[in-house]
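Here are some exercises to work through with the model open beside you. Try each task before you read its solution.

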Amino acid sequence: MTIFPPDPDLEALRLELARLRADHGWTYDELADRSGLARRTLIEIEQGRTIGTLKTWHALAHALSTPLDRLFGTLCGDHEPPGRNEA
């Protein structure tokens, strides 16, 4: 029997990005300048039209001075993260 992992909460991830950007008081243009990403890419991610690559999220974490694991931790917001219930 194959056991599939729970679906990641991509909505929570994109909302966390929007929250962090707002907390810094940055526009899309400011975050684009600080991350080296295209403004369009940031808009697409925040609006849920694309997920982005690991390299994209790495750049965003650095630009926002936020640990990558904090950002990605939101993916497990609606279920138990792996390893927490292991003895």
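From the N terminus on, the elements of the protein chain follow the order α-α-α-α-α, with helices (H or I, at least four residues) and strands (E, at least two) taken as DSSP runs and numbered from the N terminus. This is a predicted model, in which local features need pLDDT of at least 70, side-chain atom pairs count only at pLDDT 80 or more, and totals for chains, interfaces and linings use all residues. Residues are numbered from 1 along each chain as its sequence is written, and side-chain values use heavy atoms, with hydrogens and water left out.

**Exercise 1. Overview and confidence**

Task: Describe the overall make-up of the protein chain, then find which element has the lowest mean pLDDT and which the highest.

Solution:
- Step 1. Count the elements: there are five helices and zero strands.
- Step 2. Take the extent along the principal axes: the C-alpha atoms fill a box of roughly 45 × 25 × 20 Å.
- Step 3. Check burial: 33% of the 87 residues count as buried. Buried means under 20% relative accessible area, exposed over 50%, and partly exposed in between (1.4 Å probe, protein chains only).
- Step 4. Turn to contacts, meaning heavy atoms within 4.5 Å. Among contacts between residues at least 6 apart in sequence, 55% join residues at least 24 apart.
- Step 5. Read the pLDDT, the predictor's confidence in each residue, from 0 to 100. The chain averages 92, and 95% of the residues score at least 70. The lowest mean among the elements belongs to α5 (92) and the highest to α2 (98).

**Exercise 2. Helix α4 and its partners**

Task: Work out which residues of α4 are buried and how the axes of α2 and α4 cross.

Solution:
- Step 1. List the buried residues of α4: T56, W57, A59, L60, A61 and A63.
- Step 2. Look for their packing partners: these buried residues pack against α1, α2, α3 and α5.
- Step 3. Compare the axes, which are lines fitted to C-alpha atoms, for helices over the stretch in contact, with angles from 0 to 180 degrees between N-to-C directions. Those of α2 and α4 come within 9 Å and cross at roughly 105 degrees.
- Step 4. Classify the angle: α2 is roughly perpendicular to α4. The classes are roughly parallel under 35 degrees, roughly antiparallel over 145, roughly perpendicular from 65 to 115, and oblique for the rest.
- Step 5. Name the residues in this contact: L31, R34 and S35 come from α2, while A59, L60 and A63 come from α4.

**Exercise 3. Salt bridges**

Task: Take the salt bridges of E11, E16 and R39, and say which residue each one pairs with.

Solution:
- Step 1. Start with the principle: side chains of opposite charge can pair when their charged atoms come close. A salt bridge here is a side-chain nitrogen of Lys or Arg within 4 Å of a carboxyl oxygen of Asp or Glu, and the structure holds eight.
- Step 2. E11 pairs with R14, with the closest N and O atoms 2.9 Å apart. The two are three residues apart in helix α1 (residues 10-24), so about one helical turn separates them.
- Step 3. E16 pairs with R70, with the closest N and O atoms 3.5 Å apart. This pair links distant parts of the chain, E16 in helix α1 and R70 in helix α5, 54 residues apart. E16 counts as buried at 12% relative accessibility, whereas R70 is partly exposed at 42%.
- Step 4. R39 pairs with D29, with the closest N and O atoms 3.1 Å apart. Because R39 lies in helix α3 (residues 39-46) and D29 in helix α2 (residues 28-35), the pair ties together parts that are ten residues apart in sequence.
- Step 5. Look for a network: salt bridges link E16, R19, D23 and R70.

**Exercise 4. An unusual backbone angle**

Task: Where does S65 lie, and is S65 buried or exposed?

Solution:
- Step 1. Recall the background: most residues other than glycine have a negative phi.
- Step 2. Check the angle: S65 is not a glycine, yet has a positive phi of about 55 degrees.
- Step 3. Place the residue: S65 is in the loop between α4 (54-63) and α5 (68-73).
- Step 4. Check accessibility: at 66% relative accessibility, S65 counts as exposed.
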